[in-house]
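Work through the exercises below with the model open. Each one has a task sentence and then a solution in steps.

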Amino acid sequence: MSNRAINILVPIISVILGLIVGAIVMVVTGYDPIKGYTALWNGIFGDIYTIGETIRQITPYILAGLAVAFAFRTGLFNIGVEGQLIMGWAAAVYVGFAVEGLPKLIHLPLALLAAAAAGAFWAFIAGYLKARFSIHEVIVTIMLNYTALHIANALIKSWSGKERTENILPTASLGSTWLEEITEYSRLHWGIVIAIIMVFIMWFILERTTLGFELKAVGFNKNAAEYAGMSVKKNIILAMTISGVFAGLAGAMEALGTFGYMAIRSGFTGIGFDGIAVALLGANTPLGVVFGASLFGALKFGATNMPNAANIPLEIVSIIIALIIFFVASGYVIRIALEKFGKKKEGN
Amino acid sequence: MEYVIEMLGIRKEFGSFVANNNITLQLKKGEIHALLGENGAGKSTLMNVLFGLYQPEAGEIKVHGKSVKITDPNVANELGIGMVHQHFMLVENFTVTENIVLGNEPTKGGTVNIKEAAKNIKALSEKYGLDVDPYAKIEDISVGMQQRVEILKTLYRGAEILIFDEPTASLTPQEIKELIEIMKRLISEGKSIILITHKLNEIMEVSDRVTIIRKGEGIGTVVTAETNPDQLAELMVGRQVEFKTEKTVANPKDEALNIENLVVLDYRGIEKVKNLNLTVRKGEIVGIAGIDGNGQSELIEAITGLRKVKSGRVTLNGQDVTNKKPRQITESGIGHIPQDRHKHGLVLDFTIGHNIALQTYYKEPISKFGIIDYKKISNKAKQIIEEFDVRTGHGETTLARALSGGNQQKAIIGREVDRDPDLLIAALPTRGLDVGAIEFIHRRLIEQRDKGKAVLLISFELDEVMNVSDRIAVIYDGQIVDTLNANETTEQELGLLMAGQSKSKAAMKGDE
């Protein structure tokens, strides 16, 4: 079997296997898999409205995936995208409602910048501690996730005295009546354009700049990087900070696009953690992240149609979605199986 | 004549690449049979076929005249074939005995009977003159001792035929002598040995016959007593090889590097370089001779800015570079071929092209305003690959990891020499390389000197230091104990100085 055939077959077989096992789960729990999957399909592509909503859902996943992928490519594990996203969300919302009297052309970029800066700062803390004191970034970022969650909650309370903030001003919104109209009034907003621009920016930094060259060199081999005159510490801090920019912008998508406010949360959004899976599914490349995020976002959003249209409880739906993603992620195993199978055939 | 092992017309392919073609090797009982070839010639592939790790596409293997199929290493073990690997397969924090019995433990009532095993190992080690302490931990014993443990492992499993894969690569000269004694002892006890190596002097000293392979092809077998190193080198490389690189008398000019009262600590805070003084002039090669661990690594790291200097001064072209950052030092005119090419010299997961740009990626003409022109990296890499004869699979886009050691080293040397540094520091530049590559690298070092550049060579191999250097500085216990002219000293004199004998004593012994 040629390499190319295997490359095409692996993701297809992965998805089919995931669907089959998901179907078995539905049958065993007493639901109709055909009805279930029809509901899933319609939930993703059913009409122009669901397509708009699906794209809206994909947007923060792209940015969260980029954040994790960027860190991976530079030898770091940013498990704190969740916290950076929450900080970005809070910062964007604050600038969105509290800064008044600016034209959209200034207000919206300012709010985005605030989100990027907040995410960057939150990640910088972990990068600095790693560079300066060799404290592992996984520990610090996990702890910073909790810190971010509760700080954001406290901020919301102090800003509004209520469970949620005011809505952002229209001048800070990513919303677009045109996008809403062509998608039958979904919540689709301009964020997807920002996400795509960031995909390009990540590619550009890593593949075209001296900064990217250094970040990758430090990630692969600190000793050789130091030998070649690069500052390992500076690059660790920079890598983490840039990763945080992506995460902060993911928060801005929720703040300025989907919701337009921030409410007190009892738990995490999950987008930051799903970003880890998105990055891995996309093999940590910018374009791969878009595909990973599309799969994740589409399944997550499409699945919300399954309880309504096929009466499958949300818990079962979560299991099915997890199974599909599990099989896609274990593409490696399928690849080995295919290669073995190909070899045996040649042998005969 | 009875052969214990015959490998007849062996062919092994990896995809479209033929690693072994029509190779025949016949091992007589009680002989030391050398297998000679350049890096990447296919020696290890052939031995992995014999050891059952690869299945040959064509050819036959006979053991004691009977045709056999060696499907995996266990079959090889049962046939009495044992392998002493180049990179030892030992558990660091287990004892000698535990390592030897691993996978084959004698038990008593369900527990491992270490006492019994240790007794057997003691007996075995005495029989073959392999001096080891059965209860010592691997991490506490020397490399030479660890190798004896590897040998004992094969003997313990009843090996009659021992394959030694580059056994002297990591040994000190003294340990090499001891190993040769051990090999002779094994032969006298009725074992047979295949010795994989590319070191000609060892072959001449210890082997009975030599089988040569070149680029995967079997070239033939010669009797050691009827050949000489020149002929062997020619058979191996396919052309004449100069062992002693021709060079004219040095013409030293201004000082390039000056080191005064240098003190450097190692990572544990122990003083490894103690008040060291050294000068290297433009137009000369200064060789630092010494046994590993006498402060060489710390000295180079201090010069190149990779390690902090505690006190003292390093000047380059009259400019103080003490404790400057590595990049500042590089830019003030130092080229550095690092001791460990995998740790410092290369980013193995980068392409060879990116590695060639590792010291220049941030400067014009390769990059402007922080944006890299990868086309320029490609072109530069192609030029260096061509000029330094770096053999790669896919040109400059090959991953550095995929290159053989010799070609990795050539790429590093190309990168460093191409920047035309005033001082080139070459630390163990030929470690693990074959004669062809060594000759190439030595010529490049001398070329730099002839262009009026200074070269500082650090090597553990006396031959290399004596052949290439104009002056030799002997390092012992963190100090330069003496500096000698290369053509006025002897190996004995250097050897004694390296072992810490004072100069007068060394001179006296040298005269004897």
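**Exercise 1.** State how many bridges join strand S13 of chain B to strand S16 of chain B, and place both strands in their sheet.

Solution. Helices (H or I, at least four residues) and strands (E, at least two) are DSSP runs, numbered from the N terminus. In this predicted model, local features need pLDDT of at least 70 and side-chain atom pairs count only at pLDDT 80 or more, while totals for chains, interfaces and linings use all residues. Residues are numbered from 1 along each chain as its sequence is written, and chains are lettered from A and ligands numbered from 1 in the order in which they are written.

Step 1. S13 (residues 255-265) and S16 (residues 311-316) of chain B run antiparallel and are joined by 5 bridges. Two strands pair if DSSP finds at least two bridges between them.

Step 2. Within S16(B), Ser311(B) stands opposite Val263(B).

Step 3. The order S14-S13-S16-S17 (chain B) describes an open sheet of 4 strands with antiparallel pairing. Its edge strands, S14 (271-281) and S17 (319-320) of chain B, each pair on one side only.

**Exercise 2.** Find which strands helix H9 of chain B lies across.

Solution. Step 1. Helix H9 (residues 296-304) of chain B lies across S13, S14 and S16 of chain B. Here two residues are in contact if their C-beta atoms, placed from the backbone, lie within 7 Å.

Step 2. The helix runs at about 65° to S14(B). Axes are lines fitted to C-alpha atoms, for helices over the stretch in contact, and angles run from 0 to 180 degrees between N-to-C directions.

**Exercise 3.** Compare the radius of gyration of chain B with that of a compact globule.

Solution. Step 1. A compact globule with 512 residues would have a radius of gyration near 24 Å. The radius is taken over C-alpha atoms, and the globule rule is 2.2 Å times the number of residues to the power 0.38.

Step 2. Chain B has 25 Å, which agrees. Its C-alpha trace spans about 70 × 55 × 50 Å along the principal axes.

Step 3. Chain B holds 18 helices and 24 strands.

**Exercise 4.** Describe the side of chain A that touches chain B.

Solution. Step 1. Chain A gives 14 residues to the contact and chain B gives 22.

Step 2. On the chain A side, helix H9 (210-220) and helix H10 (222-227) of chain A give two or more residues each. H9(A) supplies the largest share, 5 residues.
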